[in-house]
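Visitor: Please take me slowly through a close look at one part of this structure, and then carry on from there to other parts of the chain. I am in my first year, so I would be glad of patient explanations.

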Amino acid sequence: MTVDPEQAAAERLRRWRLVLGGDEADGTGHALSGRDAAMDGALTALYGKADRRATGRDRSGGLGASAPSVARWLGDIRTYFPTSVVQVMQRDAIDRLGLSALLLEPEMLEAVEADVHLVGTLLSLSKAMPETVKETARAVVRKVVEDLEKRLAARTRATLTGALDRSARVHRPRHHDIDWNRTIAANLKHYLPEYGTVVPERLVGYGRAARSVKKEVVLCVDQSGSMAASVVHAAVFGAVLASMRSIDTRLVLFDTAVVDLTDQLDDPVDVLFGTQLGGGTDINRALAYCQSRITRPAETVVVLISDLYEGGIRDEMLKRVAAMKASGVQFVALLALSDEGAPAYDREHAAALAALGAPAFACTPELFPEVMAAAIEKRPLPVPDTV
């Protein structure tokens with residue numbers, strides 16, 4: 001198919017005009033109309049230069065503090081842009097233009113595109129919410145939580161069920177429970193070269209762990225403001241783990257205080273509205289609480305989710321981690337549990353944990369089931385190469 005050079009050049013100018021915003025220095029000389037002009041207007045309202053006098057070619061504007069104008073803008077961007085872009089633009093509008101207060105109005109909440117970051121903003125505002133807004137806010141949060149559960153729950157349960165079965169080794173397994181890889185590895189000394197085969201004298205098989213509680217998991221989550229997305233994902237995963245009879249799950253959130261939300265794990269929305277994002281951080285106090293609740297160290301996995309900026313007693317924190325590991329606890333340190341990668345974090349504390357055999361790394365929601373499976377089976381964690 002032959003492309004008309006003039007049409008190709010016009011399309012390039014159109015795209016550059018949308019990118020550059022129509023300032024005098026953009027150099028395109030290209031005028032927009034119709035849908036393109038409407039898209040440019042939506043971008044102008046958010047990213048324009050409101051401190052300059054508007055002309056026909058200047059990208060200037062703003063959303064101001066008017067709820068009706070913001071509601072119209074939200075409708076416009078949902079019309080012209082895909083959901084992933086809408087979510088980014090909403091986040092930028094809240095950060096750049098200070099629109100958080102408008103989220104306390106029910107009609108505004110009904111207009112936004114819900115995502116994890118919006119949930120974090122709503123949770124930070126929850127204590128200031130009037131009663132007329134709280135039910136709408138809970139509906140927004142529940143939609144995000146249900147979407148996350150649909151995406152993550154089935155794979156998490158399947159992965160961890162397999163890990164629990166593999167962690168319960170038996171030496172007189174039924175035929176369909178034999179772990180052939182481990183059986184062969186355990187019997188290599190019985191290799192018969194003349195027959196080219198291994199004669200297994202000892203069988204290694206899987207137990208069936210799902211009939212009773214075999215493992216204890218403690219999720220210890222930093223609820224300081226920078227950890228909002230991690231708190232949302234941790235609440236969802238906590239609910240999924242709590243739904244598995246073979247795992248006894250505890251969820252502990254902390255800043256300078258510690259709150260145990262285990263009794264609310266049947267509804268992650270209740271968990272999230274029990275958080276108080278922001279404030280300081282006392283990891284040592286949180287780990288002390290978790291340590292006091294451990295009854296079977298060899299069967300326990302403790303997952304600390306924090307950026308490691310410790311406001312408590314650093315040396316005591318490290319001593320607690322060392323003591324838990326020495327007692328048989330599998331200790332996992334995650335700098336974040338989100339899609340965004342590692343936030344700013346205390347590198348000195350991360351290095352100290354790594355020296356104790358607990359490397360700290362950012363974990364995506366998709367990787368988390370594999371991390372938990374490795375911890376349950378007491379094998380090396382699948383630490384990303386970027387660490």
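Guide: Helices and strands are here runs assigned by DSSP, a helix having at least four residues and a strand at least two, and they are numbered from the N terminus. With those names in hand we can begin at Asp 115, which lies in the loop between α5 (106-111) and α6. Please keep in mind throughout that this is a predicted model, and that the mean pLDDT of the protein chain is 83, with 86% of the residues reaching 70 or more.

Is Asp 115 buried or exposed? Its relative accessible area is 8%, and buried means under 20%, so Asp 115 counts as buried. Once neighbours within four places in sequence are left aside, the residues in contact with Asp 115 are Gln 87, Arg 91 and Val 144.

From that loop we can step into helix α6 (residues 116-125), whose axis comes within 8 Å of the axis of helix α9 (residues 228-242), the two crossing at roughly 100 degrees. Angles of 65 to 115 degrees count as roughly perpendicular, and α6 and α9 are therefore described in that way. On the side of α6 the contact is made by Val 116, Val 119, Gly 120 and Leu 123, while α9 contributes Ala 228, Ala 229, Val 232 and His 233. Sorted by character, the residues of this contact are six nonpolar and two polar, with no charged residue among them.

Helix α9 also leads us towards the later part of the chain, since Phe 237, one of the residues within the span 228-242 of α9, is touched by Pro 369. Pro 369 is found in helix α14 (residues 368-377), and its relative accessibility of 1% places it among the buried residues. Besides Phe 237, and not counting residues up to four places away in sequence, Pro 369 touches Arg 155, Thr 156, Thr 159 and Leu 160. Thr 159 shows how the fold brings remote parts of the sequence together, for Pro 369 and Thr 159 are 210 residues apart along the chain, yet their C-alpha atoms are separated by 6.3 Å.

Next comes the sheet. Six strands form an open sheet in the order β7-β6-β5-β8-β9-β10, with mixed pairing, and its edge strands, β7 (258-260) and β10 (360-363), each pair on one side only. On average, neighbouring strands here are turned by 25 degrees against each other, direction ignored. Strand β9 (residues 330-337) runs parallel to β10, to which four bridges join it, and it is likewise parallel to β8, with five bridges between those two strands. As examples of such partners, Leu 337 is bridged to Cys 363 in β10, and Ile 305 stands opposite Leu 334 in β9. Strand β9 is mostly covered, with seven of its eight residues buried.

Finally, confidence varies along the model. Among the elements, strand β8 (residues 300-305) has the highest mean pLDDT, 98, and strand β1 (residues 169-170) the lowest, 56, while over residues 50-61 the pLDDT stays under 50. The whole chain has 14 helices and ten strands, and buried residues make up 46% of its 387 residues.

Notes. Residues are numbered from 1 along each chain as its sequence is written. This is a predicted model: local features need pLDDT of at least 70, side-chain atom pairs count only at pLDDT 80 or more; totals for chains, interfaces and linings use all residues. Side-chain values use heavy atoms; hydrogens and water are left out. pLDDT is the predictor's confidence in each residue, from 0 to 100. Contact means heavy atoms within 4.5 Å. Axes are lines fitted to C-alpha atoms, for helices over the stretch in contact, and angles run from 0 to 180 degrees between N-to-C directions. Angles under 35 degrees count as roughly parallel, over 145 as roughly antiparallel, 65 to 115 as roughly perpendicular and the rest as oblique. Ala, Val, Leu, Ile, Met, Phe, Trp, Tyr, Cys and Pro count as nonpolar, Asp, Glu, Lys and Arg as charged, and the others, Gly among them, as polar. Two strands pair if DSSP finds at least two bridges between them. Buried means under 20% relative accessible area, exposed over 50%, partly exposed in between (1.4 Å probe, protein chains only).
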